Amino acid sequence: MDDAIEEALRQVDAQDMLGRVQAYPAMVQAALDAPRATASLPRAPSRVLVVGMGGSAIAGDYLAAWLDAEGSVPVLVSRAYELPHWVDKDTLVLAFSYSGNTEETLASFAAAHKKGAMLAAM
């Protein structure tokens, strides 16, 4: 790439978002190749609900799109305080929060716990 173009990009992309987007496929592959920790669930879930807000919920969108093509369990994403009425003990609820203190995500996670859902947080 031309030096002038690189300099212009640096000025409008100070956080190097272009570089991050270009690196994304390699990051995904590294995550797929990494040794996996095994999680223990009391039973196989019949559905998965990802709860999160903003950018944190995007991980759920990716997971849902991937498992729609590859998986056998439906994955839905909720960006709300309230849980869908169908959440029960056979639902795996995954909470995604970058900060760890997103109000809507914490409220949904607590409600899922009260309903006896299987829980995990990232």
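**View 1. D88 and R47 form a salt bridge in this predicted model.** Their side chains meet at 3.0 Å, N to O. The contact ties distant parts of the chain together, with the two positions 41 residues apart in numbering. D88 sits in the loop between strand 2 (75–78) and strand 3 (91–95). R47 belongs to strand 1 (residues 47–51). D88 is partly exposed, and its relative accessible area is 27%. A search of the whole structure gives six salt bridges.

**View 2. E6, E7 and R10 make up a salt-bridge network.** R10 takes part in two of the contacts shown here. With E6, the N to O distance is 3.8 Å. With E7, the N to O distance is 3.2 Å. Both pairs lie in helix 1 (residues 3–12). R10 and E6 are four residues apart, so about one helical turn separates them. E7 and R10 are three residues apart, and again the separation is about one helical turn.

**View 3. The residues of the helix 1 network are partly exposed.** This close-up stays on the side chains of the previous view. R10 has a relative accessible area of 49%. For E7 the value is 34%. E6 stands at 30%. Each of these values falls in the partly exposed class, because that class lies between the buried limit of 20% and the exposed limit of 50%.

**View 4. Four parallel strands build an open sheet.** The strand order is 2-1-3-4. Strand 2 and strand 4 (118–121) are the edge strands. Each edge strand has a single partner, so one of its sides has no neighbour in the sheet. On average, neighbouring strands are turned by 20° against each other, direction ignored.

**View 5. Strand 1 pairs with strand 2.** The pairing is parallel and runs over four bridges. V50 has V77 of strand 2 as its bridge partner. Helix 3 packs on the sheet and touches strand 1, strand 2 and strand 3. The direction of helix 3 makes about 160° with that of strand 2.

**View 6. Helix 4 lies across three strands.** The helix spans residues 103–114. The strands it lies across are strand 1, strand 3 and strand 4. Helix 4 runs at about 155° to strand 4. Strand 4 is also an edge of the sheet.

**View 7. Nonpolar side chains form a surface patch of about 690 Å².** The contributors are Y24, M27, V28, L32, I58, Y62 and W66. Helix 2 (17–33) and helix 3 (54–70) each supply at least two of the patch residues. Helix 2 gives the largest share, with four residues. Helix 3 also packs on the sheet.

**View 8. V28 is a member of the patch on helix 2.** V28 is partly exposed, with a relative accessible area of 32%. Patch residues need over 30% relative accessible area, so a partly exposed residue can qualify. Y24, M27 and L32 are among the other members of the patch.

How values were computed. Residues are numbered from 1 along each chain as its sequence is written. This is a predicted model: local features need pLDDT of at least 70, side-chain atom pairs count only at pLDDT 80 or more; totals for chains, interfaces and linings use all residues. Side-chain values use heavy atoms; hydrogens and water are left out. Patches are made of residues with over 30% relative accessible area and no salt bridge: like charges are joined within 9 Å, nonpolar side chains (Val, Leu, Ile, Met, Phe, Trp, Tyr) within 5 Å. Accessible areas come from the Shrake-Rupley method with a 1.4 Å probe; for residues, only the protein chains shown count as cover. A salt bridge is a side-chain nitrogen of Lys or Arg within 4 Å of a carboxyl oxygen of Asp or Glu. Buried means under 20% relative accessible area, exposed over 50%, partly exposed in between (1.4 Å probe, protein chains only). Two strands pair if DSSP finds at least two bridges between them. Axes are lines fitted to C-alpha atoms, for helices over the stretch in contact, and angles run from 0 to 180 degrees between N-to-C directions. Contact means heavy atoms within 4.5 Å.
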